[in-house]
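Dear colleague,

Please find below the sequence and structure that I am handing over to you. My notes on what was found follow directly after them.

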Amino acid sequence: AGVKKLQGGVFDHKRRGSSMGLFQYTQNSSASDQSKKQEERDFFVLIGEASSLPNTTRNVCVVLSLGDQEARSKVLSETIFPLWNQVLPMRVAHVPCVIKIAVLGVDKDGNESILGHTELPVSDERHRGAFTDSWRPLVPDDDGGGKEEGGWHGSLRIAASFEAETIDVLRKGLSPKVQQHQSLAQETWFQIENDVEEVGIQFFRNVFAVDETLKEKFHFTGTDEDLCQHTALRNHGTMVLRTVGRAVAGLNEISSLNDLYAGLSTQHAGMGVQSEHLEVFLQALLWTLEDFLGPARWSEEVEQAW
């Protein structure tokens, strides 16, 4: 609400290549504004949150650099969906310019490696009082940990403005989408968890619907009708969905799940499961959730959350 009180501007809500949207406020300008001599000013960068970072044992922080300036965020131990909500000021003398942003992994000995990086352009529009709030894709570093993690592309939420009051409004009003998604996933899971055995059967029906060649890997040669009678697959489906439930219950403290899923990943890699199979399982899980939740409870927002 505080942002909308700004005078003389256009509040433009548009989605620009991000499932979580991008909104930008641009204040109307005049020729006299453009002719004013640029002076060195504070530019405020809000490090919001990150999504889909690599699951490592390292802590994470964010570093901003502009010329010989450097600003660092606090170091967090939550390495997958960290939430900083921290403002870092930078001194800007000339626009346009570009602030470089890096997400660092910090091991227990304090050694740092670049997990991914992005850039924040600072334009004339922002110099006249605009702000931006967007999710920016992170590019793996050519020589750093990002590439070693398998070409991962996480994303970082950044807001920025020359106006301290504006960025403070954004900081106070930051409603982390990841937390909303966690709550929504938990809420919808609790609606079907009592039917986990039937959900497991439907999950494997959908797995084979997405990729029928996986039947051989699971030693199943029957039809959908035979699936209910296949004891081993039925039990395995129940176990898979209970593990999903355990993940959903632990979303608020993901680090507590590290040991469980490190073991599962090692086990499944030894069974020949490839990364492309995970895409199959994800699609099958989404279809299964849609099947059991029904049109009244399944929506685009629920799908994005999962």
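**Salt bridges and charged side chains**

Arg72 counts as partly exposed, at 39% relative accessibility. Please keep in mind throughout that this is a predicted model. The side chain of Arg72 meets that of Glu70 in a salt bridge, with 3.1 Å from N to O. Glu70 counts as exposed, because its relative accessibility of 52% is over the 50% cut-off, whereas the 39% of Arg72 places that residue in the partly exposed class.

In total, the count comes to ten salt bridges. In general terms, side chains of opposite charge can pair when their charged atoms come close. Two further pairs may interest you, as each joins separate elements.

The first pair to mention is Asp42 with Arg91, whose side chains meet in a salt bridge at 3.0 Å, N to O. This pair links distant parts of the chain, with Asp42 in strand β3 (residues 41-51) and Arg91 in strand β6 (residues 83-92), 49 residues apart. Asp42 counts as partly exposed at 31% relative accessibility, and Arg91 is likewise partly exposed, with a relative accessible area of 34%.

The other pair is Glu197 with Arg234, where the side chains meet in a salt bridge of 2.4 Å, N to O. Glu197 lies in helix α6 (residues 196-210) and Arg234 in helix α9 (residues 231-249), so this salt bridge ties together parts that are 37 residues apart in sequence. Glu197 is partly exposed, with a relative accessible area of 36%. Returning to the strands, salt bridges that share partners join Glu40, Asp42 and Arg91 into one network.

**A patch of negative charge**

Which residues gather in the patch of negative charge on the surface? They are Glu290, Asp291, Glu300, Glu301 and Glu303. The elements that give two or more residues to this patch are α11 (275-293) and α12 (300-305). Helix α12 gives the most, with three residues. Glu301 is found in helix α12 and is partly exposed, with a relative accessible area of 43%. That value is over 30%, so Glu301 meets the accessibility condition for belonging to a patch.

**Aromatic pairs around helix α6**

A search of the whole structure finds seven aromatic pairs. One of them is formed by Phe204 and Phe208: the ring centres are 6.0 Å apart and the planes stand at 40 degrees, so the pair is tilted. Both residues lie in helix α6, four residues apart, which is about one turn of the helix. Phe204 is buried, with a relative accessible area of 1%, and Phe208 counts as buried at 5% relative accessibility.

Phe204 also forms an aromatic pair with Phe218, in this case edge-to-face, with 5.0 Å from centre to centre and 75 degrees between the planes. This pair links distant parts of the chain: Phe204 is in helix α6, and Phe218 is in the loop between α7 (214-217) and α8 (224-227), 14 residues apart. Both Phe204 and Phe218 are buried. Beyond these two pairs, ring pairs link Phe203, Phe204, Phe208, Phe218 and Phe281 into a cluster.

**Backbone points in and around β6 and β7**

As background, most residues other than glycine have a negative phi, and most peptide bonds are trans. Two places in this model depart from that pattern, and I describe each in turn.

Asn85 has a positive phi of about 50 degrees although it is not a glycine. This residue is found in strand β6 and is partly exposed, with a relative accessible area of 24%.

The peptide bond from Val95 to Pro96 is cis, with omega near 0 degrees. Pro96 lies in the loop between β6 and β7.

Is Val106 buried or exposed? Val106, in strand β7 (residues 97-106), counts as buried, because its relative accessibility of 11% is under the 20% cut-off. The C-alpha atoms of Val106 and Val60 are separated by 5.8 Å, while the two residues are 46 residues apart along the chain.

With kind regards

Methods:
Residues are numbered from 1 along each chain as its sequence is written. This is a predicted model: local features need pLDDT of at least 70, side-chain atom pairs count only at pLDDT 80 or more; totals for chains, interfaces and linings use all residues. Side-chain values use heavy atoms; hydrogens and water are left out. Patches are made of residues with over 30% relative accessible area and no salt bridge: like charges are joined within 9 Å, nonpolar side chains (Val, Leu, Ile, Met, Phe, Trp, Tyr) within 5 Å. Accessible areas come from the Shrake-Rupley method with a 1.4 Å probe; for residues, only the protein chains shown count as cover. A salt bridge is a side-chain nitrogen of Lys or Arg within 4 Å of a carboxyl oxygen of Asp or Glu. Lys and Arg count as positive and Asp and Glu as negative; His and the chain ends are not counted. The place of a charge is taken as NZ of Lys, CZ of Arg, CG of Asp or CD of Glu. Buried means under 20% relative accessible area, exposed over 50%, partly exposed in between (1.4 Å probe, protein chains only). Rings of Phe, Tyr and Trp (its six-membered ring) pair if their centres lie within 6.5 Å; planes under 30 degrees apart count as stacked, over 60 as edge-to-face and the rest as tilted.
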